[in-house]
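Work through the exercises below with the sequence and the model side by side. Try each task before you read its solution.

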Amino acid sequence: SPSLRLILGDQLGFDLSSLRDADPDRDLILMCELRAEAQYVRHHKKKLVLVLSAMRHFAKALQARSFRVRYRRLDEADNSGSFTTEIEKVLQQSGCRRCILTEPGEYRLRQQFEHWQTEHPEYTLEMREDDRFLCSHADFQRWAKGRKQLRMEYFYREMRRRYGILLEEDQPLGGKWNLDHDNRQPLPADRQPPAPTRFTPDAITRDVMTLVEQHFDDHFGVLENFDLAVTAEQAQQVLDDFVEQRLPLFGDYQDAMRQGDPWLYHSHLSFYINLGLLDPRAAIEAAEQALYRGLAPLNAVEGFIRQILGWREYVRGLYWLKMPEYRSRNFLHATRPLPRFYWDADTPMNCLHQCVEDTRQHAYAHHIQRLMVLGNFALLAGLNPDEVNEWYLLVYADAYEWVELPNVHGMVLFADGGVLASKPYAAGGAYINRMSDYCRQCHYNVKQKHGDRACPFNYLYWDFLQRNAAQLRRNPRLGLAYRNLERMSDTQRQQIEESARIFLEQLD
Ligand code: FAD
Ligand code: DLZ
Ligand code: SF4
């Protein structure tokens with residue numbers, strides 16, 4: 001019998017589990033642009049353009065394969081604004097009894113669909129596993145079961161073995177699972193990274209840009225100069241260019257930061273993998289092939305594959321294992337409101353100014369900017385996890401809660417008390433100075449430890465440890481840091497505390 005297939009905005013691929021047995025002659029496909037999805041957090045304008053334009057392009061691609069697509073545009077007068085109401089309307093009109101969908105990536109939507117099914121037993125809602133991921137819920141649960149700690153590194157090794165990636169016999173190619181010690185180099189001033197792959201907006205994208213301008217003009221971020229990929233073909237082009245031009249140095253400069261350039265040697269693929277425009281397996285395979293063809297070294301290829309086969313799968317597994325409790329923890333009792341400069345970039349701390357500005361412009365910042373600048377500050381200043389999570393979820397064009405939450409709540413804020421990370425990623429200004437050129441153009445002095453002109457990260461780091469001693473003092477990985485703190489004179493400790501107090505007071 002005919003069925004309705006609902007495709008969500010981040011499910012834009014023909015290999016989707018909900019489409020696998022679809023019959024163009026019989027079945028009907030539903031896609032909905034919804035105000036509720038654009039505004040449950042007020043997404044960056046470029047993110048809205050990306051998602052809506054990619055949706056419209058995918059609907060066209062489905063039609064080109066003879067599928068009948070019911071596509072609800074955001075500004076249609078009778079758009080009800082909810083997935084389940086739209087499903088119900090189409091089921092009633094078409095006489096279908098069954099709606100098939102691939103499970104949503106976010107908990108709130110899964111709940112919404114499950115709730116609707118309970119209220120509407122006359123229909124069947126068939127929610128299928130999202131097998132774009134390489135680790136199923138069951139596999140992750142099996143891996144997690146009985147473990148005291150859920151460390152990514154061990155998960156990653158198992159994934160390598162399961163998929164036979166970068167292995168010799170049963171051992172890691174090159175003898176080590178992890179080549180990160182080769183990978184922490186700053187970017188020399190004379191290194192010029194290749195320009196990122198850009199696309200000129202077509203008529204569909206231009207329409208969407210007008211729509212976003214009309215309806216969501218007060219959202220965060222710059223709309224102009226949108227140049228991201230919006231189709232599977234374009235996403236493949238980004239992957240090809242990455243492998244050829246940037247992958248060879250990806251490892252070396254993975255942690256480096258440079259003023260005015262967030263793109264560097266990164267892949268810029270998270271947008272597309274998360275939307276379904278690019279299969280993560282294709283990215284992993286392309287990198288592995290580059291190694292075997294002698295086009296990229298092992299430290300680069302292993303580093304890249306670990307991000308996708310390791311981190312990406314691991315955070316998604318953890319999210320579904322721990323939700324909904326995960327989000328409500330606040331291990332460090334952090335309560336400070338998010339300072340305004342996260343929105344307007346107006347701060348004399350140059351590293352933060354630059355990273356917010358990159359984010360505003362591009363709905364992108366690379367990993368170390370998110371973790372060691374924007375995140376490190378949020379951790380050290382004790383910012384409220386709910387506000388920080390919401391910020392990250394709306395500002396980045398690759399952000400969905402399944403990937404945002406473990407990275408922010410766990411990795412950055414340590415609000416989960418150490419489920420994800422063994423210790424908080426706290427650091428002083430020296431780290432940022434080593435890995436970037438931000439400090440040279442800053443109002444503050446990165447070498448100074450306290451006082452007016454001292455880099456705030458320096459005293460906030462020690463003040464953070466002191467403030468959170470009850471929660472962190474017994475963490476074995478922080479033993480050395482606490483011993484250094486305790487070795488300081490009382491005067492030193494008071495100066496730090498005083499500088500931190502003054503700084504944090506003017507922040508509020
Ligand atoms: P590359 O550096 O080229 O990495 C390759 C790929 O690996 C990425 O495309 C991505 O698919 C994957 N990857 C790398 N690191 C991670 C990670 N920690 N978790 C999951 N996947 C990873 N990534 C998102 O996709 N969405 C988010 O909302 C998001 N929020 C983050 C928030 C914080 C605070 C931090 C520290 C990291 C976050 N990340 C998020 C992970 C990472 O920063 C981005 O995936 C990456 O910057 C995207 O750019 P890229 O494609 O150029 O990545
Ligand atoms: C992110 C997003 C946005 C902005 N808009 C839509 C939309 O209008 N219609 C839609 O189906 N999906 C959208 N999405 C993606 C969903 O929010 C996404 O499916 C969930 O966050 C689950 O990952
Ligand atoms: Fe950032 Fe401190 Fe460097 Fe300024 S001196 S850029 S605040 S790390």
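The exercises go from the whole chain to its domains, a strand and two ligand shells.

This is a predicted model, in which local features need pLDDT of at least 70, side-chain atom pairs count only at pLDDT 80 or more, and totals for chains, interfaces and linings use all residues. Residues are numbered from 1 along each chain as its sequence is written, while chains are lettered from A and ligands numbered from 1 in the order in which they are written.

**Exercise 1. The whole chain**

Task: describe the build of the chain and judge how compact it is.

Solution.
- Start with secondary structure. The chain has 22 helices and 7 strands. Helices (H or I, at least four residues) and strands (E, at least two) are DSSP runs, numbered from the N terminus.
- Next, take the radius of gyration, computed over C-alpha atoms. The globule rule is 2.2 Å times the number of residues to the power 0.38. The chain comes to 24 Å and the rule gives 23 Å for 508 residues, so the chain is as compact as a globular protein of that length.
- Add the extents. The C-alpha trace spans about 80 × 55 × 50 Å along its principal axes.
- Then check burial. A residue is buried if 20 or more other C-beta atoms lie within 10 Å of its own, exposed if 12 or fewer, and partly exposed in between, with C-beta atoms placed from the backbone. Of the 508 residues, 45% are buried.

**Exercise 2. Domains 1 and 2**

Task: find where domain 1 touches domain 2.

Solution.
- Set the bounds. An automatic or database domain assignment gives domain 1 (4–128), domain 2 (137–322) and domain 3 (341–507).
- Place the centres. Over C-alpha atoms, those of domain 1 and domain 2 lie 27 Å apart.
- Count the contact. Domain 1 gives 23 residues and domain 2 gives 23 residues. Two residues are in contact if their C-beta atoms, placed from the backbone, lie within 7 Å.
- Look at the domain 1 side. Helix α2 (residues 45–64) supplies its largest share, 11 residues.
- Sort that side by class. It has 10 nonpolar, 6 polar and 7 charged residues. Ala, Val, Leu, Ile, Met, Phe, Trp, Tyr, Cys and Pro count as nonpolar, Asp, Glu, Lys and Arg as charged, and the others, Gly among them, as polar.

**Exercise 3. Strand β2**

Task: is strand β2 (residues 28–32) enclosed or open?

Solution.
- Count buried residues. They number 5 of 5, so β2 is largely enclosed by the rest of the structure.
- Split the faces. Leu28, Leu30 and Cys32 are buried on one side, and Ile29 and Met31 on the other.
- Find the neighbours. Two strands pair if DSSP finds at least two bridges between them. β2 pairs in the parallel sense with β1 (residues 4–6) over 3 bridges. β2 also pairs in the parallel sense with β3 (residues 68–72), over 5 bridges.
- Follow Leu28. Leu4 stands opposite Leu28, and Arg68 is the bridge partner of Leu28 in β3.

**Exercise 4. Two ligand shells**

Task: which residue classes make up the shells around ligand 1 and ligand 3?

Solution.
- Fix the cut-off. A residue is near a molecule if its C-beta atom, placed from the backbone, lies within 6 Å of it.
- Take ligand 1. Of its 28 surrounding residues, His266, Ser267, Ser270, Gln307 and Ala399 come nearest. The classes are 14 nonpolar, 10 polar and 4 charged. Domain 2 and domain 3 each give at least three residues.
- Take ligand 3. Its shell holds 14 residues, with Cys351, Gly429, Cys439, Cys442 and Cys455 closest. Helix α18 gives the largest share, 3 residues. The classes are 11 nonpolar, 3 polar and no charged residues.
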